[in-house]
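Please open the structure in your viewer and keep the selection tool at hand. The tour moves from stop to stop, and each stop tells you what to select and what is found there.

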Amino acid sequence: KLAKLLPPEKSLAVFAKWQSLNDFMYDGKSKTGTWANTNGHCKQAELYMQLGDKTNAIKHLQAACEAAISFDDRPTEETVSSLLLGEQIKRKVDFDTADSRPICMILRDTWMAANAFDGIRNTEDFKNITQNLTEAMIR
């Protein structure tokens, strides 16, 4: 929602600071396969589209795709540790939303369906990202 309150340039700066903070909290090894990371990259792609920067929009949609696939394929349980946060056990069952679909499907059918992407929807890159998400859902 923050992305809609600020001009695109300032929103992108906030995303960069969020990523830097995330890297700091996890000793430079922040997980890319998270719901927040997937959604964040998708929102950044929308912001780049508002600025007319299709190259960076595609780059962030590709990163969102990779994060979504990683999130859907995450292990049942994993241990994450950092100096700041200590050791944490992340369980797949700890994440729950009202939408039970895989995040690859949510990304493909909902987030990437946004009007913001109309300018790149027919490009080969966008089609490849969509295809990658579809293939990940049928694995």
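Is R101 buried, partly exposed or exposed? With a relative accessible area of 30%, R101 is partly exposed, a class that lies between buried (under 20% relative accessible area) and exposed (over 50%), worked out with a 1.4 Å probe on protein chains only. Before going further, please note that this is a predicted model, in which local features need pLDDT of at least 70 and side-chain atom pairs count only at pLDDT 80 or more, while totals for chains, interfaces and linings use all residues. Residues are numbered from 1 along each chain as its sequence is written, and side-chain values use heavy atoms, with hydrogens and water left out.

**Stop one: a network of charges**

Keep R101 selected and add D99, whose side chain meets that of R101 in a salt bridge of 2.7 Å, N to O. A salt bridge here is a side-chain nitrogen of Lys or Arg within 4 Å of a carboxyl oxygen of Asp or Glu. Side chains of opposite charge can pair when their charged atoms come close. D99 is partly exposed, with a relative accessible area of 29%.

Now select R108 and D109, whose side chains also form a salt bridge, with 2.6 Å from N to O. D109 is partly exposed at a relative accessible area of 36%, and R108 counts as partly exposed at 23% relative accessibility. With these four residues shown together, you are looking at a network of salt bridges that links D99, R101, R108 and D109.

**Stop two: a bridge between two strands**

A search of the whole structure finds 5 salt bridges, and one of them joins the side chains of E77 and R91, at 3.3 Å from N to O. Select both residues and colour their strands: E77 sits in strand β1 (residues 77-82) and R91 in strand β2 (residues 86-91), so that the pair, 14 residues apart, links distant parts of the chain. Strands, like helices, are DSSP runs numbered from the N terminus, with at least two residues (E) for a strand and at least four (H or I) for a helix. E77 counts as partly exposed at 46% relative accessibility, and R91 counts as partly exposed at 38%.

**Stop three: a charged residue without a bridge**

Move next to helix α3 (residues 35-50) and select E46, which is found there. E46 is buried yet has no salt bridge, and the nearest side chain of opposite charge, that of K43, is 4.1 Å away. For charge, Lys and Arg count as positive and Asp and Glu as negative, while His and the chain ends are not counted. If residues up to four places away in sequence are set aside, E46 touches W111, A114, A116 and F117, where contact means heavy atoms within 4.5 Å.

**Stop four: α3 beside α4**

Keep α3 in view and add helix α4 (residues 54-72), which packs against α3 at an angle of about 165 degrees, with the axes 8 Å apart. That angle makes α3 roughly antiparallel to α4; angles over 145 degrees count as roughly antiparallel, those under 35 as roughly parallel, 65 to 115 as roughly perpendicular and the rest as oblique. The axes are lines fitted to C-alpha atoms, for helices over the stretch in contact, and the angles run from 0 to 180 degrees between N-to-C directions. Among the residues that make the contact are H41, Q44 and Y48 of α3 and H60, A64 and F71 of α4.

Now select H60, which is found in helix α4 and counts as buried at 8% relative accessibility. Not counting residues up to four places away in sequence, H60 touches H41, Q44, A45 and Y48.

**Stop five: α2 on α3**

Finally, bring in helix α2 (residues 8-25), which packs with α3 at an angle of about 155 degrees, with the axes 9 Å apart. The two helices α2 and α3 are therefore roughly antiparallel to each other. The contact includes L12, F15 and W18 of α2 and N37, Q44 and L47 of α3.

Select W18, found in helix α2, which counts as partly exposed at 30% relative accessibility. Leaving aside its neighbours within four places in sequence, W18 is in contact with A36 and N37.
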